[in-house]
Amino acid sequence: MAKTWRTEIPYKFCGLNDYTLACRKNKFAGANLKKQTQATISPYIAKLPQIKMPVKIHFLWQEANRRRDPDNCCFAQKFILDEMVKQQRIPNDTGQWVRGLSHDFTYGKDYKVTLTITEVDE
């Protein structure tokens, strides 16, 4: 039976527009933004076990309002996956290990993303 894990990250991630703007400011601003974001979410990723099987990951993005486009918000999956690899929660974020990504969006009083990670058969 496939194992499933869930973790919630209570954080307002930068959107793609913010990241693009930072990258255009100077050659270090985008890298610094990514590094700061990953440092902030690190404790939440650390709660996950090391997963040695391919996975599918579902992202449930909660926004406090409808101002940002969904595709602008879910860009932050890059930071999340990179932190999962950095902490060795998944071996890599290539297609060999990440077999599917899906996204849903909801609106509430806070910003957060809930990850549901499910092992898949090889």
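Throughout this tour, a residue is called buried when its relative accessible area is under 20%, exposed when it is over 50%, and partly exposed in between, with a 1.4 Å probe and protein chains only. The model is predicted, so local features are reported only at pLDDT of at least 70 and side-chain atom pairs only at pLDDT 80 or more, whereas totals for chains, interfaces and linings use all residues. Residues are numbered from 1 along each chain as its sequence is written, and side-chain values use heavy atoms, with hydrogens and water left out.

**The whole chain**

Begin with a cartoon of the protein, in which four helices and four strands can be found; here helices (H or I, at least four residues) and strands (E, at least two) are DSSP runs, numbered from the N terminus. Followed from the N terminus, these elements come in the order β-α-α-β-α-α-β-β. The radius of gyration is 15 Å, close to the 14 Å given by the globule rule for 122 residues, so the protein is as compact as a globular protein of that length; the radius is taken over C-alpha atoms, and the rule is 2.2 Å times the number of residues to the power 0.38. The C-alpha trace spans about 45 × 35 × 25 Å along its principal axes, and 39% of the 122 residues count as buried. If contact means heavy atoms within 4.5 Å, then 85% of the contacts with a separation of 6 or more are made by residues 24 or more positions apart.

**The sheet**

Next, select the four strands, which form an open sheet of mixed pairing in the order β1-β4-β2-β3; two strands are taken to pair if DSSP finds at least two bridges between them. The edge strands are β1 (4-9) and β3 (98-107), each of which pairs on one side only. On average, and with direction ignored, neighbouring strands of this sheet are turned by 15° against each other, where axes are lines fitted to C-alpha atoms (for helices, over the stretch in contact) and angles run from 0 to 180 degrees between N-to-C directions.

To walk across the sheet, start at β1, which is antiparallel to β4 and joined to it by six bridges; isoleucine 9 has valine 113 of β4 as its bridge partner. Moving on, β4 is joined to strand β2 (residues 55-63) by eight bridges, again in antiparallel fashion, and one pair to display is leucine 60 with its partner in β4, threonine 114. Between β2 and β3, by contrast, the strands run parallel and are joined by nine bridges, with glutamine 62 standing opposite threonine 106 in β3.

**The helices across the sheet**

Now add helix α2 (residues 29-45), which lies across β1 and β4 and runs at about 140° to β1. Helix α4 (residues 77-86) lies across β1, β2, β3 and β4, and its direction is at about 135° to β2.

**Strand β4 and glutamate 119**

Return to β4, which is mostly covered, six of its eight residues being buried. Glutamate 119 belongs to this strand (residues 112-119) and is the bridge partner of valine 55. Which side chain of opposite charge is nearest to glutamate 119? It is lysine 3, 5.2 Å away, and glutamate 119 is buried yet has no salt bridge, a term that requires a side-chain nitrogen of Lys or Arg within 4 Å of a carboxyl oxygen of Asp or Glu. For charge, Lys and Arg count as positive and Asp and Glu as negative, while His and the chain ends are not counted. Showing the surroundings of glutamate 119, with neighbours within four places in sequence left aside, brings up contacts with Ala2, Lys3, Trp5, Ile51, Met53, Pro54 and Val55.

**Two loop positions**

Select glutamine 88 in the loop between α4 and β3, where the residue has a positive phi of about 60° although it is not a glycine. Is glutamine 88 buried or exposed? Glutamine 88 counts as exposed because its relative accessibility is 52%.

Finish at glycine 108, in the loop between β3 and β4, which counts as partly exposed because its relative accessibility is 27%. Glycine 108 touches Gln62, Glu63 and Ala64, not counting residues up to four places away in sequence.
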